[in-house]
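Visitor: I would like to look closely at one part of this structure: the contacts that side chains make with one another, and the strands on which they sit. Please explain them step by step.

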Amino acid sequence: MAATSLLSLSLPKPSILIPKSATSTTTPVTVTETLDQKFGRKGIKFYEHDDGAQMAELTVRNGSSLKLQLNNAHVTSYKPKVYWKEDGFEEVLYTTSSAKGGIGLVLNNASNDKNAKDVDLSDWVVKDVDSDSIDALQVELSCTTSGPLDITYVITLYALSMATAVLVKNNGRKPIDLKTAILTHFKSKKRDGTAVDGLKGCSYCSHPPLSSKFEILSPSETMKTEDPGLFSFGWEPEKKVGVWSVQDVPITILKHKLSRVYSAPLEERAKEFYNTPPSKYETIDQGRELFFRFVRMGFEDIYLSSPGSLSEKYGKDYFICTGPASMLAPITIEPGEEWRGAQVIEHDNL
């Protein structure tokens, strides 16, 4: 196996590694070269979308696939095999016709310096690919517009899972503070059959998501209250931002509108011992009888939101937005140092 991966090509216990290419002088492919000729291999195809966007499609042996828009590192489709029948594939990402949603990397400058520029993630190039036969496929991207930050983003597909991993190295002369997340817009068949399991005992509070060009709902939209309607027995309004609660039930029903961060409150983190959010939790799509496990690595928080009735303006399917994040307290990367984080989405539906 090549040493360029952030994640090893073995699950369910992925380990984050330092990519060889993060310290090498590999020359990224230019627009004049043909991506498919340089990087294409069995299971990895590069092509141009109708709108001119360069895409990569990964397909492993059992037929599970994902699609990645290369110029902005946006995963627009993940279609795993979840049923034993021949056509037993289901799209699980919610991506709009305007390419909002899907899985997006968020890196925002959290510096108090008014002159500090935000992190520019507007352009990415393919740096390398890797594979283990056609049971595990990987594409490594490098950001060309991030200034003193060397950012590597690796997307990996397996038969029963997919992973996204990021490595950020500070090549500048000053420390940088970042708030970051990998946010996934996950599709669900029925609004009243959507839930998350595994957050019992975890502290949470209402909180908007980090702003992103991939967002379907803006941070302000996620925080607007809505009328729950008739027959909403047991419903309670979300508490104000900064008011903490503890999840006291095993399953979080996502029928109504909410926007939360699950984490340890900042004042708790000053203590020698405190409770951290779980490293994994599970989404439930009762309508399709599908369950997916989200695994968090390197991030401090878990973000979770549901649109409630606002989902109706985007189509018949319901969706949630969730993923690992470090949004309450920024990550500080000193000059010459690096930070790594990852998300794995895995399932046992077969």
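Guide: A residue is called buried when its relative accessible area is under 20%, exposed when it is over 50%, and partly exposed in between. Please keep in mind that the model is predicted.

Let us begin with the aromatic rings. The count of aromatic pairs comes to 9. One of them joins Y204 and Y262, whose ring centres are 5.2 Å apart and whose planes make an angle of 35°, a tilted arrangement. Y204 belongs to strand β12 (residues 203-206) and Y262 to strand β15 (residues 258-262), so this pair ties together parts that are 58 residues apart in sequence. Is Y204 buried or exposed? Its relative accessible area is 15%, and because the limit for a buried residue is 20%, Y204 counts as buried. Its partner Y262 is buried as well, at 0% relative accessibility.

Another pair consists of Y314 and F319, with 6.3 Å from centre to centre and 80° between the planes, which is an edge-to-face arrangement. Here the two partners fall into separate classes: Y314 is partly exposed at 27%, whereas F319 is buried at 3%. Ring pairs also join F186, Y281, F292 and F294 into a cluster.

Two members of that cluster lead us to the strands. Y281 stands opposite F294, a residue of β17. Strands β16 and β17 pair in the antiparallel sense, over 6 bridges. Pairing of this kind has a common basis: strands of a sheet pair through backbone hydrogen bonds, either parallel or antiparallel. Both strands take part in an open sheet of 9 strands, arranged in the order β6-β7-β8-β9-β20-β17-β16-β11-β14 with antiparallel pairing. The edges of this sheet are β6 (124-132) and β14 (251-253), each of which pairs on one side only. From one strand to the next, the twist averages 20°.

A further antiparallel pairing joins β5 and β10, over 7 bridges. Within it, V106 stands opposite A181 in β10. Strand β5 is mostly covered, since 6 of its 7 residues are buried.

Next come the contacts between opposite charges. The salt bridges number 12. R288 and E90 form one of them, with 2.9 Å between nitrogen and oxygen. This pair links distant parts of the chain, for R288 lies in the loop between β16 (280-285) and β17 (290-297), while E90 lies in the loop between β4 (74-79) and β5 (103-109), 198 residues apart. How accessible is R288? R288 is buried, with a relative accessible area of 12%. E90, by contrast, is partly exposed at 23%.

The side chains of D317 and K187 form another salt bridge, of 3.9 Å from N to O. This pair too links distant parts of the chain: D317 is in the loop between β18 (301-306) and β19 (318-333), K187 is in strand β10 (residues 176-188), and 130 residues separate them. The distance is admitted because the salt-bridge rule accepts a nitrogen within 4 Å of a carboxyl oxygen. D317 is partly exposed, at 22% relative accessibility.

A third example returns us to β17. R293 and D348 form a salt bridge in which the closest N and O atoms are 3.1 Å apart. R293 sits in strand β17 and D348 in the segment after β20 (338-346), so far as the sequence is concerned 55 residues apart. R293 is buried at 19%, but D348 is exposed at 58%. The two residues do not stand alone, as salt bridges link E282, R293, E346 and D348 in a network.

Finally, a charge may also lie over a ring. The charged end of K45 sits over the ring of Y47, 5.5 Å from the ring centre. In a similar manner, K81 lies over the face of F89, at 5.0 Å from the centre of that ring.

Definitions and conventions: Residues numbered from 1 in each chain as written. Predicted model: local features only at pLDDT ≥ 70, side-chain atom pairs only at ≥ 80, totals over all residues. Heavy atoms only, no water. Helix = DSSP H or I, 4+ residues; strand = E, 2+ residues; numbered from the N terminus. Buried < 20%, exposed > 50% of the residue type's maximum accessible area, 1.4 Å probe, protein only. Phe/Tyr/Trp six-rings, centres within 6.5 Å; stacked < 30°, edge-to-face > 60°. Lys NZ or Arg CZ within 6 Å of the ring centre and 35° of its normal. Pairing = 2+ DSSP bridges. Axes fitted to C-alpha atoms, helices over the stretch in contact; angles between N-to-C directions.
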